[in-house]
Amino acid sequence: MTTTDIRTEILDILSDIAPDEDLTKLNDEENFRAQMELDSMDFLDIVMELRKRHRVQIPEDDYVHLASMNSTVKYLEPLMKDM
Amino acid sequence: MYDTLIIGAGMSALAAGIRLAHYGQKVCLLEKHWTIGGLNSFYRLRGRDYDVGLHALTNITPKGAKKGPLARLLRQLRFSWDDFAISPQIGSQVVFPERRLSFDNNPELLVAEVAREFPAQVDGFRKLVASIVDYDDLTDEHQQISARAHVATFLTEPLLVEMLFCPLMFYGSAREHDMDWGQFCIMFRSIFMEGLGRPHAGVRLILKNLVKRFRSLGGELKLRAGVSRIKVENGRAIGVVLEDGTELEARRILSSAGWCETMRLCDDGQPAAASRAPGRLSFCETVSTLDVDPKQLDYDRTITFFNDSPEFHWTAPTVPCDLRSGVICSPNNFAYDEALGEGVMRITVLANHDYWRGLDEQQYELEKLRWYDRIIDSAVRFVPDYRGRVIETDMFTPTTIVRFTGHDNGAVYGAPTKQLDGRTHLENLFICGTDQGFVGIIGAITSGISMANMHCLRE
């Protein structure tokens with residue numbers, strides 16, 4: 001997967017979690033938490049969706065990398081580049 | 001072999017089931033009754049649709065709101081706000097002798113009402129509200145301090161305190177006389193700050209959405225499948241035996257049957273059941289169908305909480321029904337796009353479980369008729385007299401609640417002591433629903449989601 005593919009996939013997961021959210025306005029630099037009011041349950045869901053869809057295992061200590069779109073894509077790139 | 005067996009098919013069980021099935025688990029709901037819903041259900045009688053349980057959904061935040069329990073559960077269950085088509089209340093009230101506090105889904109109204117009725121208290125009330133806003137319901141530090149003692153540090157007028165506790169207790173206190181501060185904050189926010197609403201089609205829309213989703217994800221639902229025991233081996237639950245003798249194996253079990261009720265099902269004979277008192281608070285409710293919309297009788301309030309003396313008594317009554325206080329709900333009085341049709345008035349009062357359970361069939365029918373009249377006579381002291389417009393009636397009692405929920409004593413809000421982490425003496429048996437912590441429809445769904453996340457999805 002390219003970084004563009006990964007970003008598209010994350011957007012798809014976010015739109016699945018929050019169908020009422022307008023994601024076209026998402027700022028890739030800014031935290032999801034601040035923009036979408038996501039809480040700890042939602043972050044767990046991003047992790048679980050990645051596991052369900054792509055068998056990507058993210059250890060709990062690494063959840064901090066999922067803060068914004070840019071940091072998430074950067075973190076996932078080495079894990080998903082061969083998919 | 002199931003990944004997770006869930007005992008019950010009420011709101012919490014369905015929500016947990018959706019979470020687990022969504023993430024690929026083999027999951028089955030085991031419902032004792034012939035229908036889903038438990039405390040919150042619906043039925044058809046002589047050609048009319050009835051709701052049980054639900055008066056109004058609490059925690060109603062508008063579409064687009066990102067914070068709060070409703071937004072959270074929609075995200076967790078992957079529903080859109082529009083799936084539940086919730087209409088907000090028109091407005092509700094708390095009525096005590098000579099005093100009235102109105103409230104609606106704009107929290108400023110209640111502040112203005114407190115200022116009008118109790119001008120000297122309004123500064124303290126604002127401070128109370130500010131401290132409630134700050135309470136974090138996702139931390140496990142459920143502050144089990146006395147809400148009465150804590151509220152008394154902000155408010156010095158006992159009548160105002162009673163008027164605030166009355167709706168919160170009626171809609172969610174398993175504890176008599178007082179509430180835990182954490183529970184008080186959750187209830188205060190859900191009713192006074194977020195607000196009340198209802199889908200036009202009532203509780204059936206919510207249940208149908210949940211069960212449809214659960215099944216579409218591959219979840220199994222067995223009705224008339226009461227669990228007779230949970231099989232225990234070496235400190236683990238290994239499965240269940242149903243009342244018809246069927247045995248099912250599972251990696252883990254999540255039970256919404258209640259704490260004491262679940263403990264009794266375990267076949268390891270451990271004594272946990274006796275160590276915790278079941279709840280005692282149960283209700284009678286009358287349902288009257290009218291030949292007019294209540295608004296034509298000059299009554300547009302969604303919910304009226306009433307109490308006929310300065311002091312509010314939240315305790316299991318010694319008489320069959322406590323007529324001093326009650327909740328009057330009119331499902332017509334929500335801001336729907338389209339009117340509901342026939343008028344409906346529902347009156348809920350505290351009831352004595354043992355009295356109603358002790359009656360034989362004939363006495364039971366007679367007493368229902370007698371107390372139907374008394375309950376309505378009591379309520380029409382606070383709302384327009386609708387007795388001449390009634391064309392159909394029904395009534396439920398603690399006996400009905402026991403039949404549909406299986407909860408000891410017909411305890412609507414479960415046991416006063418909650419098991420907030422959902423854990424039991426067995427490493428793979430957990431509880432969800434009213435005895436875990438949250439009550440009401442939104443609370444029950446939240447309970448199912450959080451117990452599924454915490455105990456059944458992390459491996």
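## Chain A: the helical pattern

Walk along the sequence of chain A and you get α-α-α-α. The tally behind that pattern is 4 helices and 0 strands. Keep in mind that this is a predicted model.

How does chain A do against the rule for a compact globule? For 83 residues the rule expects a radius of gyration near 12 Å, and chain A has 12 Å, so the two agree. Its C-alpha atoms fit a box of roughly 30 × 25 × 20 Å along the principal axes.

## Chain A: burial, surface and charge

In chain A, 43% of the 83 residues count as buried. The chain exposes about 4,500 Å², with carbon and sulfur atoms supplying 48% of that area. If you take the contacts between residues at least 6 apart in sequence, 55% of them link residues at least 24 apart.

On the charge side, chain A carries 9 positive and 20 negative charges. The mean positions of those two sets lie 5 Å apart.

## Chain B: overall build

Chain B mixes both kinds of element, with 13 helices and 18 strands. Its C-alpha atoms take up a box of roughly 60 × 50 × 45 Å along the principal axes. A compact globule of 459 residues would have a radius of gyration near 23 Å; chain B comes in at 21 Å, which agrees with the rule.

What share of chain B is buried? The figure is 63% of its 459 residues. About 17,700 Å² of chain B is exposed, and carbon and sulfur atoms make up 50% of this surface. Of the contacts in chain B between residues at least 6 apart in sequence, 72% bring together residues at least 24 apart. As for charges, there are 51 positive and 58 negative ones, and their mean positions sit 4 Å apart.

## Chain B: domains

The domain assignment cuts chain B into domain 1 (2-54 + 202-277 + 416-456), domain 2 (86-194) and domain 3 (280-405). Domain 1 is thus written as three stretches of sequence, while domains 2 and 3 are given as one stretch each.

Between the C-alpha centres of domain 1 and domain 3 of chain B there are 29 Å. Each side puts 13 residues into the contact between these two domains of chain B.

## A buried threonine in a loop

B:Thr434 sits in the loop that runs from strand S18 (429-431) to helix H13 (440-456) of chain B. Is this threonine buried or exposed? With a relative accessible area of 16%, B:Thr434 falls under the 20% cut-off and therefore counts as buried.

Leaving out residues up to four places away in sequence, B:Thr434 touches B:His407, B:Val412, B:Tyr413, B:Gly414, B:Lys418 and B:Val439. The C-alpha atom of B:Thr434 is also 17 Å from that of B:Asn59, a residue 375 places away along the chain.

## Two loop residues with positive phi

Most residues other than glycine have a negative phi. Which way does B:Ala85 go? Its phi is positive, near 40°. B:Ala85 lies in the loop between helix H2 (69-77) and strand S5 (86-88) of chain B, and its 42% relative accessibility makes it partly exposed.

B:Asn409 has a positive phi as well, near 60°. This asparagine belongs to the loop between helix H12 (398-405) and S18 of chain B. B:Asn409 is partly exposed too, with a relative accessible area of 23%.

Note on methods
Residues are numbered from 1 along each chain as its sequence is written. Chains are lettered from A and ligands numbered from 1 in the order in which they are written. This is a predicted model: local features need pLDDT of at least 70, side-chain atom pairs count only at pLDDT 80 or more; totals for chains, interfaces and linings use all residues. Side-chain values use heavy atoms; hydrogens and water are left out. Helices (H or I, at least four residues) and strands (E, at least two) are DSSP runs, numbered from the N terminus. The radius of gyration is taken over C-alpha atoms; the globule rule is 2.2 Å times the number of residues to the power 0.38. Buried means under 20% relative accessible area, exposed over 50%, partly exposed in between (1.4 Å probe, protein chains only). Contact means heavy atoms within 4.5 Å. Accessible areas come from the Shrake-Rupley method with a 1.4 Å probe; for residues, only the protein chains shown count as cover. Lys and Arg count as positive and Asp and Glu as negative; His and the chain ends are not counted. The place of a charge is taken as NZ of Lys, CZ of Arg, CG of Asp or CD of Glu. Domain bounds come from an automatic or database domain assignment.
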